[in-house]
Amino acid sequence: MDPETDRQEREDSLIRQLSSLDVKIKQIKKITNLPPNVRAKIEALKKVQLDQLDREVEFHRKVHELEVTFQQRYADINDKRRQIVDGTYVPRKEDLPVGFPDVEGDQTSGIPEFWLTVFKMTPVLQTMIREADEPALKRLVDVRAVVRNDPQPGFELEFEFEPNVYFNDRVLKKQYLMKCAPNPENPFLFGGYEIYDTVGHEIDWKEGACLTTLTETDEAGQKRQLMTNSFFNFFNPKKLFEKTDPVLSIQFLETDFEIGYYIKERIIPRAILFFTGEANDDLDDPDSDEEEDDDDGEKLTVSEEDSK
């Protein structure tokens, strides 16, 4: 998009927002001047709306409970994908489309660099990966999501790696915590479960192999550790912004919530389509036919208090 077109679109967007605000102000004034008996009916309808929220809360909690229960139905499918990727399962003829030719040769090597390719085929994750991260991500053999209701609602992303020269962990985990309750200060904004916090994973790096820090030596010969860009910062996002501006920190964590939810809802279930380039949705795609919060009402928010 050229600069002039971009400027014009931003101006048009601002004009639409101002026009919408003007309409709302006029409507508020109009309602204020309505007869008391009409205003009473309006307040009664708002009370009905609050009663509806109670049902919505119950609905979203039931949906989450169903997701927790139903995830076991996907276990065998996910296990089979993992085994095909890592080469422990060789597809049989009945696993292939009708008419697919017989395959000869060694089938035990799986699909090399499967998850690294999936991530690099996803624009939002591609930007997080440095060249130095790639050898470690080549050892990634499975990514899965575990949905929980106890001890509190949320989900956990699990990244399973083969033994490697970078860290001792076999599985890197990241938790997202959720709540399902209207905000007392503005209950009508309720839209289902909200992701409100994340719990990271302290990676057990092998000596000299940490990908998230750089060692710098100053003029006096003193060494110090500096944070550097890396995909593996995803597992401990708060550490990056713990000493920065609170507003920037909140914005960063909201983006982190969106990425985590996107991995759970899009990338994990459709990994093979991202690998082949057939997937046609992205976190940053405004034309995507599905929004991040439309599957079961999950929203992605963080408050200053939650981010501390």
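**Exercise 1. Where in the chain is Gln71 placed, and what lies around it?**

Gln71 is found in the loop between helix H2 (36–70) and H3, where helices (H or I, at least four residues) and strands (E, at least two) are DSSP runs numbered from the N terminus. Before going further, note that this is a predicted model, in which local features need pLDDT of at least 70 and side-chain atom pairs count only at pLDDT 80 or more, while totals for chains, interfaces and linings use all residues. Residues are numbered from 1 along each chain as its sequence is written, and side-chain values use heavy atoms, with hydrogens and water left out.

The next step is the side chain of Gln71, which reaches the backbone oxygen of Val68 at 3.2 Å. Then come the contacts (heavy atoms within 4.5 Å): leaving aside neighbours within four places in sequence, Gln71 touches Ala145, Val146 and Val147.

**Exercise 2. Describe how strands S1 and S2 are arranged, and examine the loop between them.**

Strand S1 (residues 140–148) and S2 pair in the antiparallel sense over 8 bridges, given that two strands pair if DSSP finds at least two bridges between them. Within this pairing, Val143 stands opposite Phe159 in S2. The two strands S1 and S2 form a hairpin with 5 residues between them, and Pro151 belongs to that loop between S1 and S2. A cis peptide bond, with omega of about 0 degrees, joins Asp150 and Pro151.

**Exercise 3. Describe the pairing of S5 and S6, and find the glycine with a positive phi in their hairpin.**

Strand S5 (residues 213–217) and S6 pair in the antiparallel sense over 5 bridges, and Glu216 faces Arg224 in S6. The hairpin of S5 and S6 has 5 residues between the strands, and in this hairpin Gly221 takes a positive phi near 85 degrees.

**Exercise 4. Is Asp86 buried or exposed, and which side chains does it meet?**

Begin with the position: Asp86 is in helix H3 (residues 75–86). Asp86 counts as buried because its relative accessibility is 18%, the cut-offs being under 20% relative accessible area for buried, over 50% for exposed and partly exposed in between (1.4 Å probe, protein chains only).

Next, look for polar contacts, which are pairs of N or O atoms within 3.5 Å; within protein, one atom must be able to donate a hydrogen and the other to accept it, and residues adjacent in sequence count only if both atoms are side-chain atoms. The side chain of Asp86 makes such a contact with the side chain of Arg82 at 2.3 Å, and another with the side chain of Thr88 at 2.7 Å.

Finally, follow Asp86 to Glu113, which is 27 residues away in sequence and 9.7 Å away in space, C-alpha to C-alpha. Glu113 is in the loop between H3 and helix H4 (114–120), and has a positive phi of about 60 degrees although it is not a glycine. With a relative accessible area of 36%, Glu113 is partly exposed.

**Exercise 5. Classify the aromatic pairs that Phe232 forms with Phe161 and with Phe231.**

A pair of aromatic rings is described by the distance of the centres and the angle of the planes. Rings of Phe, Tyr and Trp (its six-membered ring) pair if their centres lie within 6.5 Å, with planes under 30 degrees apart counted as stacked, over 60 as edge-to-face and the rest as tilted. By this rule there are 22 aromatic pairs.

Phe161 and Phe232 form a tilted pair, at 6.2 Å centre to centre with 40 degrees between the planes. This pair links distant parts of the chain, 71 residues apart: Phe161 is in strand S2 (residues 154–161), and Phe232 is in the loop between strand S6 (223–227) and helix H7 (237–241). Phe161 is buried at a relative accessible area of 0%, and Phe232 is buried at 2%. For Phe231 and Phe232, the centres are 5.7 Å apart and the planes stand at 85 degrees, so this pair is edge-to-face.

As a last step, place these rings in their wider setting: Phe161, Phe231 and Phe232 are among the members of one aromatic cluster, which also includes Phe119, Phe159 and Trp205.
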